[in-house]
Amino acid sequence: MGTRAWTVLKYRKRYYRFYHAMDGGLEDLGVETVGEIPQTPRGFTKWFREQLKAAKALDAEVECLLSVPLAEFRNFVIQYNEDTQSDLPSGIDTVVLPDFEFPFPDWDIEWVYLMDLDRQTLTINNGAHVNLLHVSKVISDGYRWESLYHDLKNGIAVILPSFAPAEAIGNTDLPICYHSSLPSLSDPQPHLEVVEAKGLNAFPLKQRHGHIVRWQIFRYLQKSYSEHLSAALDFLGPQDLHFREFAYLVLSVISPNFRMSFEALKNVVYNEDRGYAGLCKEGEEPEFLAYMGVGAHIEEVPPGSAPRTGMYWFDGTLVSLTTNLIETADLEVARVIGHSRKTRPTESINVILFSIEHVVLMRIYSDQRVQRTKVLPVFHIPNHTSRDARKRYVPDYLKKMERSQTLRLKELVVDRLVGERKVEKGSLAEVELQSELTASYEELDTTEESFSLVNWQPDTTKATFFAMAHVFESSACETMPPRSEQGKLPAP
């Protein structure tokens, strides 16, 4: 069969893709991939160590490649495109270069099998996650993936819990644990006032057009990256270069006080499909970022200029990067208050707590008062595909998918009986079986359906955008030097 697929090795949050032009379906490459994984704990441990060794070898090649100064990379690209000789080490064009973006199936690539060594998980077509040690338990009859279901409404693959052993799908979506570098708040809790964020109406009428234009640019950014963030954001944090760089890009687009520059991708090797970019400042340690975060930055500030710390000043505002603000907002608020009290006790400052998906806006006053907003969405991600299906779908919708899968399996049984001539095609027995399935499907289609996703919320990111823009503009106004009185007539 001409079914095309990717097998992907994920190591240190880098994705190494390998192309398969034939036999990429579940019954072929899917079964073959699972069949290579030992089923015993001892055999699995040995196999996993071998996989880590192979991944480290790939990683070592990339690290060696990254030691080449960026100026030589640019020279190599020119020479490579002109089919001339390069001074770089031989074999540079055969190194398996990684991505930082999640590899998705599309019209050309029907299946993607992701071997995630970072969390010991096999992920199929973005949304179906199985523990590597127990992956063989999700295949029945040695070839059938009865627990794998494609949710056509949301365009994603799912492992149905009632069709898979608990140990095969447990702990497959544990997010990273990011510990803030800020000290805990030891002083008495200050007076916290939760306020509404200011929107577009807070700007004078004649100044709104610039913010509206930037919103349209940011909207394009949202549409381009929401799918990638839904697949990977749970496992990224401020310690990761591509998290920091992407956060810096978002802040650069939202802040009204900078002129953005749009730069063409700098390909390390000529490959228009992969678009690798050497991301670094001259003379500093380079890294690959692919498309993630490359393009829109502050004018005259090159890509790769995001601060390496999780807290920095940006356009007069204190920015603190964190993860999962939905659960950690109160703790991060307390920590940043403690930090500001120790470092700038006599100043009033604006603060942005930023996890890329969400933000909390704060105003810390010198008289101990603190104002903060609730957690606001920056990217609308109702379906985090990296999570377990039980955390993504409401129970009623999950049951509906399970009923649909049951009918599909019964249909396969009927087809097999007809194929094995245990039931004659066109006979009364086959007609009765098909009629029963048709009636069941009709009943399933007419059942009332609630919202399918647990975290579904209306998209309110537009209001968040203008609220963040207002914070940046307010900070800029506070830090502007006073106007000169020279040449003006004294007031009467």
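Modeller: In what follows, helices (H or I, at least four residues) and strands (E, at least two) are DSSP runs, numbered from the N terminus, and the model they are taken from is predicted.

Biologist: Where is the place of S355?

Modeller: Strand 15 covers residues 349-354 and strand 16 covers residues 358-364. S355 belongs to neither run, and its place is in the loop between strand 15 and strand 16.

Biologist: Is S355 buried or exposed?

Modeller: Leaving aside neighbours within four places in sequence, S355 is in contact with L233, F243, T322, T323, N324 and L325. Its relative accessible area is 5%, and a residue counts as buried under 20%. S355 is therefore buried.

Biologist: How many of the residues of strand 15 are buried?

Modeller: From strand 15, I349, V351 and L353 point one way, while N350, I352 and F354 point the other way, and all of these are buried. Strand 15 is thus largely enclosed by the rest of the structure, because the count of its buried residues is six of six.

Biologist: Which residue stands opposite L353 in strand 15?

Modeller: Strand 14, residues 317-321, pairs with strand 15 in the parallel sense, and the two are joined over four bridges. Within this pairing, the residue that stands opposite L353 is S320.

Biologist: What is the relative accessible area of L251?

Modeller: L251 is found in helix 6, which runs over residues 241-254. Not counting residues up to four places away in sequence, L251 touches Y312, F314, V319, F354, M468 and F472. L251 is buried, because its relative accessible area is 0%.

Biologist: What distance separates the C-alpha atoms of L251 and V319?

Modeller: V319 is one of the residues that L251 touches, although the two lie 68 residues apart along the chain. Their C-alpha atoms are separated by 9.4 Å.

Biologist: How many residues apart in sequence are S252 and D315?

Modeller: S252 is also found in helix 6, and at 1% relative accessibility it counts as buried. From C-alpha to C-alpha, S252 and D315 are 9.4 Å apart in space, and in sequence they are apart by 63 residues.

Biologist: Which strands are the edge strands of the open sheet that has the order 2-1-3-4-5?

Modeller: Five strands form this open sheet, in which the pairing is mixed, and the twist averages 20° from one strand to the next. An edge strand is one that pairs on one side only, and in this sheet that describes strand 2 (14-20) and strand 5.

Biologist: At what angle to strand 3 does helix 1 run?

Modeller: Helix 1, residues 26-35, lies across strand 1 (5-11), strand 2, strand 3 (111-116) and strand 4. Taken against strand 3, helix 1 runs at about 10°.

Biologist: Which residue in the turn of the hairpin formed by strand 4 and strand 5 has a positive phi?

Modeller: Strand 4, residues 121-124, and strand 5 pair in the antiparallel sense over four bridges, with I124 partnered by A128 and T121 by N131. Three residues lie between the two strands of the hairpin. In the turn, a positive phi of about 50° belongs to N125.

Biologist: On strand 5, which residues cover the side other than that of A128 and V130?

Modeller: Both faces of strand 5 are covered, with A128 and V130 buried on one side. On the other side, the buried residues are H129 and N131.

Biologist: What is the volume of the largest cavity?

Modeller: Rolling a probe the size of a water molecule over the atoms shows where empty space is left. By this rule, the count of cavities of 30 Å³ or more comes to four. The largest cavity has a volume of about 70 Å³.

Biologist: Which helix supplies at least two residues of the lining of the largest cavity?

Modeller: The lining includes G127, A128, H129, V158, I159, A389 and R392, and its residues divide into five nonpolar, three polar and three charged. Strand 5 (128-131) and strand 7 (156-159) each supply at least two of the lining residues, and so does helix 8 (389-392).

Biologist: What share of the residues in the chain is buried?

Modeller: The chain has eleven helices and 18 strands, and among contacts between residues at least 6 apart in sequence, 70% join residues at least 24 apart. Of the 492 residues in the chain, the buried ones make up 50%.

Note on methods
Residues are numbered from 1 along each chain as its sequence is written. This is a predicted model: local features need pLDDT of at least 70, side-chain atom pairs count only at pLDDT 80 or more; totals for chains, interfaces and linings use all residues. Side-chain values use heavy atoms; hydrogens and water are left out. On a 1 Å grid over the protein atoms alone, a cavity is a set of points where a 1.4 Å probe fits but cannot get out, and a pocket is an open set with protein on both sides within 12 Å along at least five of seven lines; lining residues have an atom within 4 Å of a point. Grid points are joined across faces, edges and corners, and a volume is the space filled by probe spheres set on the points. Ala, Val, Leu, Ile, Met, Phe, Trp, Tyr, Cys and Pro count as nonpolar, Asp, Glu, Lys and Arg as charged, and the others, Gly among them, as polar. Two strands pair if DSSP finds at least two bridges between them. Axes are lines fitted to C-alpha atoms, for helices over the stretch in contact, and angles run from 0 to 180 degrees between N-to-C directions. Contact means heavy atoms within 4.5 Å. Buried means under 20% relative accessible area, exposed over 50%, partly exposed in between (1.4 Å probe, protein chains only).
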